[in-house]
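Me: I am new to this structure. Please choose one part of it for a close look, and explain in a connected way what surrounds that part and how it relates to the rest.

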Amino acid sequence: MKNIKNLLRNLEVLSGSFSDFHTDDVPETPHELFINWLYIAIREDILEPHAMTISTVDHDGYPDARVLILKNIDDNGWYFATSSESRKGQQLAEQSKVALTFYWPTLGKQVRIRGTAVETGSERSSADFLERSEMARAAAMIAKQSNLLLNKEELDNAFDQKIDIIKSNPDLVYPQWKLYCVHANQVEFWQGNTARKHTRLQYRLHNNQWTHELLWP
Ligand SMILES: Cc1cc2nc3c(=O)[nH]c(=O)nc-3n(C[C@H](O)[C@H](O)[C@H](O)COP(=O)(O)O)c2cc1C
């Protein structure tokens, strides 16, 4: 245990070098700034820049978090898709307040989004489902995400069965697959600095208007 502590202590973090974050002339909305940062992450070959942590809250008020893929972003918000029958789907049905977190380590950039996840409706959810690969559609259609798995054979059999169904019905949609949009009310852009003088810019939505301010690091 002692060795692990030392090992962790000696690991590098925020070693840079990072670009400066000039906050004088930022876009009016966090959506625009996020897209600018996402383009940088893609251009700089960040591995899976569209992977984000989504935090939900369960029935007892415990936070729960897992990684999901960002499907889109537009003026309305940040989109993700999942089964409404999954653990997170059930949590969202009860409490739609969520947080999204992105971290792009080699850029020293973190983005934190807080808001409300809203279902986008069956047309868009179906379109998202049909854009998925056969295996990904089969995985969703098994409809047991977050249930107890008793043995791996069951998983293989379920996949085989669903793949057969998809092959003979390529337009089949799994109605519990939902595309959600996170309507944000607070977004923070964090640019790390090797000297620990990090820059934090926080956007807040007030009376339908976005304002922004700096925070102490
Ligand atoms: C990189 C990555 C991407 C993922 N993308 C998704 C996704 O888009 N949708 C999804 O339902 N689960 C995705 N998962 C799996 C989730 O992290 C999670 O294990 C699953 O959705 C069950 O979560 P729940 O029990 O909280 O409902 C992804 C996992 C990783 C590591």
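Reply: A strand here is a DSSP run of E covering at least two residues, and strands are numbered from the N terminus. The model is predicted. With that in mind, the part chosen is Val 187, which has its place in strand β7. Val 187 has a relative accessible area of 0%, and it therefore counts as buried, the cut-off for that word being under 20%.

The neighbours of Val 187 come next. Leaving aside residues up to four places away in sequence, Val 187 touches Pro 30, Trp 78, Val 111, Arg 112, Ile 113, Leu 201, Gln 202, Tyr 203 and Trp 210. Ile 46 gives a point of reference elsewhere in the chain: 141 residues separate it from Val 187 along the chain, and their C-alpha atoms are 21 Å apart.

Trp 78 leads from this site to the interior. Together with Phe 34 and Trp 104, Trp 78 has the most contacts inside the largest nonpolar core, a set of 32 residues. At least two residues of this core are supplied by each of α2 (30-43), β1 (51-57), β4, β5 (97-104), β6 (109-119), β7 (177-191) and β8 (199-206). β7, the strand of Val 187, is thus named among these contributors. Phe 34 touches Trp 78 and Trp 104, as well as Leu 70, Ile 73, Phe 102, Val 111 and Phe 189, again not counting residues up to four places away in sequence. Val 111 and Trp 78 are also touched by Val 187. Apart from this core there is a second one, of 15 residues, which includes Ala 81, Ala 138, Trp 177 and Leu 179.

Ala 81 in turn leads to the ligand. A polar backbone atom of Ala 81 lies 3.2 Å from a nitrogen atom of the ligand. An oxygen atom of the ligand is 2.7 Å from a side-chain N or O atom of Arg 66, and an oxygen atom is 3.2 Å from a polar backbone atom of Arg 87. Taken alone, the ligand exposes 620 Å², of which the protein buries 68%. The residues around the ligand include Glu 48, Val 67, Lys 88 and Gln 145. By class, this shell has four nonpolar, four polar and four charged residues. β2 (63-69), β4 (77-83) and α3 (87-94) each supply at least two residues of the shell, and the largest share, four residues, comes from β2. β4 is therefore a link in this account, as it supplies residues to the shell around the ligand and to the largest core, while Val 187 itself is buried.

How values were computed: Residues are numbered from 1 along each chain as its sequence is written. This is a predicted model: local features need pLDDT of at least 70, side-chain atom pairs count only at pLDDT 80 or more; totals for chains, interfaces and linings use all residues. Side-chain values use heavy atoms; hydrogens and water are left out. A residue is near a molecule or strand if one of its heavy atoms lies within 4 Å of it. A polar contact is a pair of N or O atoms within 3.5 Å; within protein, one must be able to donate a hydrogen and the other to accept it, and residues adjacent in sequence count only if both atoms are side-chain atoms. Accessible areas come from the Shrake-Rupley method with a 1.4 Å probe; for residues, only the protein chains shown count as cover. Ala, Val, Leu, Ile, Met, Phe, Trp, Tyr, Cys and Pro count as nonpolar, Asp, Glu, Lys and Arg as charged, and the others, Gly among them, as polar. A nonpolar core is a set of buried Ala, Val, Leu, Ile, Met, Phe, Trp, Tyr and Cys residues joined through side-chain atoms within 4.5 Å. Buried means under 20% relative accessible area, exposed over 50%, partly exposed in between (1.4 Å probe, protein chains only). Contact means heavy atoms within 4.5 Å.
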